[in-house]
Amino acid sequence: MIRVLIVDDEALVRSGLRMILEAAGDMAVVGEARDGDEAVAAAARLRPQVVLMDVRMPGTDGLIAGARVLAAPDAPKLIMLTTFDLDEYVHEALRLGAVGFLLKDTPPRELAAAVRTVAAGQAMLSPTVIKRLISSFVDKAPSRAESARDRLASLTAREEDVVRALARGLSNAEIGRELKLTEATVKAHVSRLLAKLGLANRVQAAILVHDADLG
């Protein structure tokens, strides 16, 4: 079971998230917190594997609390939640070490899938957030596009199919359905192409595809 801590200042939101995650069957919500200070204490006490943290909360907000949670030994994976897909929140959350950033209107199945993905050690951003993040980072200079295309030229045709789909924000399962591959095969392709390209995660791969004007 994946142990999850939910942090949000609204009781209704916490209740809804708990219902979604516990209905998934492979997750246990081990606790809830109403603000950043409660979140830091709860994370230390309950030792969750994944923390779902609202960005905007009264008092200590999600970004400050998230940084404190991630500074602890054996820190959990952190997914930031918000109703706003504002760039400054995405950038700061990723800078401090969050591995997921989702909008609160993410469908239940996608939310559960995101928790599984993050618990397994992979980054997970909603497609909307990926598009905003890419747009804010991309420099349209021809030399940058040419450099990106040169790097992607090392990929096989199948790896290029996978990285294009990845750049659209698709999960491994969705890529597998689209390309008629098993999820395990997609995971292997993703790991291999990230290593080939010298990239740390899926977000960097998506930015590279967009730089090359292939996405």
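# Legends to close-up views

**View 1. Isoleucine 175 counts as buried because its relative accessibility is 0%.** Here buried means under 20% relative accessible area, exposed over 50%, and partly exposed in between, computed with a 1.4 Å probe on protein chains only. The model is a predicted one, in which local features need pLDDT of at least 70 and side-chain atom pairs count only at pLDDT 80 or more, whereas totals for chains, interfaces and linings use all residues. Residues are numbered from 1 along each chain as its sequence is written, and side-chain values use heavy atoms, with hydrogens and water left out. Isoleucine 175 lies in helix α9 (residues 172–179); helices (H or I, at least four residues) and strands (E, at least two) are DSSP runs numbered from the N terminus. With neighbours within four places in sequence set aside, the contacts of isoleucine 175 are Val162, Ala165, Leu166, Leu170, Val186 and Arg202, a contact being heavy atoms within 4.5 Å. Valine 162 is 13 residues away along the chain, and its C-alpha atom is 6.9 Å from that of isoleucine 175.

**View 2. Helices α8 (residues 157–167) and α11 (residues 202–211) cross at roughly 100 degrees.** Their axes come within 8 Å; axes are lines fitted to C-alpha atoms, for helices over the stretch in contact, and angles run from 0 to 180 degrees between N-to-C directions. The crossing angle therefore makes α8 roughly perpendicular to α11, on a scale where angles under 35 degrees count as roughly parallel, over 145 as roughly antiparallel, 65 to 115 as roughly perpendicular and the rest as oblique. From α8, Val163, Leu166 and Ala167 meet Arg202, Ala205, Ala206 and Val209 of α11. These contact residues comprise 6 nonpolar, no polar and 1 charged; Ala, Val, Leu, Ile, Met, Phe, Trp, Tyr, Cys and Pro count as nonpolar, Asp, Glu, Lys and Arg as charged, and the others, Gly among them, as polar. Within α8, Glu159, Val162, Val163, Ala165, Leu166 and Ala167 are buried. Glycine 169, which follows α8, has a positive phi near 90 degrees.

**View 3. Helix α1 (residues 11–23) packs against α5 at an angle of about 70 degrees.** The two axes are 9 Å apart, and the angle makes α1 roughly perpendicular to α5. Leu17, Ile20 and Leu21 of α1 form the contact with Pro108, Leu111, Ala112 and Val115 of α5. By class, the residues of the contact between α1 and α5 are 7 nonpolar, no polar and no charged.

**View 4. Helix α5 comprises the 12 residues 108–119.** At 1.5 Å a residue, α5 should span 16 Å, and the 17 Å between its end C-alpha atoms agrees with this; the expected span is 1.5 Å times one less than the number of residues. Its buried residues are Leu111, Ala112, Ala114, Val115, Thr117 and Val118. Threonine 117 counts as buried because its relative accessibility is 18%. Beyond four places in sequence, threonine 117 is in contact with Gln122, Ala123 and Met124. Glycine 121, just after α5, adopts a positive phi of about 100 degrees.

**View 5. Helix α10 (residues 183–197) has buried residues including Val186 and His189.** The others are Val190, Leu193, Leu194 and Leu197. Viewed down the axis of α10, the buried residues fall within an arc of 125 degrees, so they line one face of the helix; the arc is that of the directions from the helix axis to the C-beta atoms. Ala184 and Ala195 are exposed on the other side of α10. From first to last C-alpha, the 15 residues of α10 reach 21 Å, close to the 21 Å expected at 1.5 Å a residue. Glycine 198 follows α10 and has a positive phi near 70 degrees.

**View 6. Aspartate 74 has a positive phi of about 50 degrees, although it is not a glycine.** Aspartate 74 sits in the loop between α3 (62–70) and β4 (77–82). It counts as exposed because its relative accessibility is 69%.

**View 7. Lysine 180, likewise not a glycine, has a positive phi of about 60 degrees.** The loop between α9 and α10 holds lysine 180. Lysine 180 is exposed, with a relative accessible area of 74%.

**View 8. The whole protein contains 11 helices and 6 strands.** Of its 215 residues, 46% are buried. Of the contacts between residues at least 6 apart in sequence, 67% join residues at least 24 apart.
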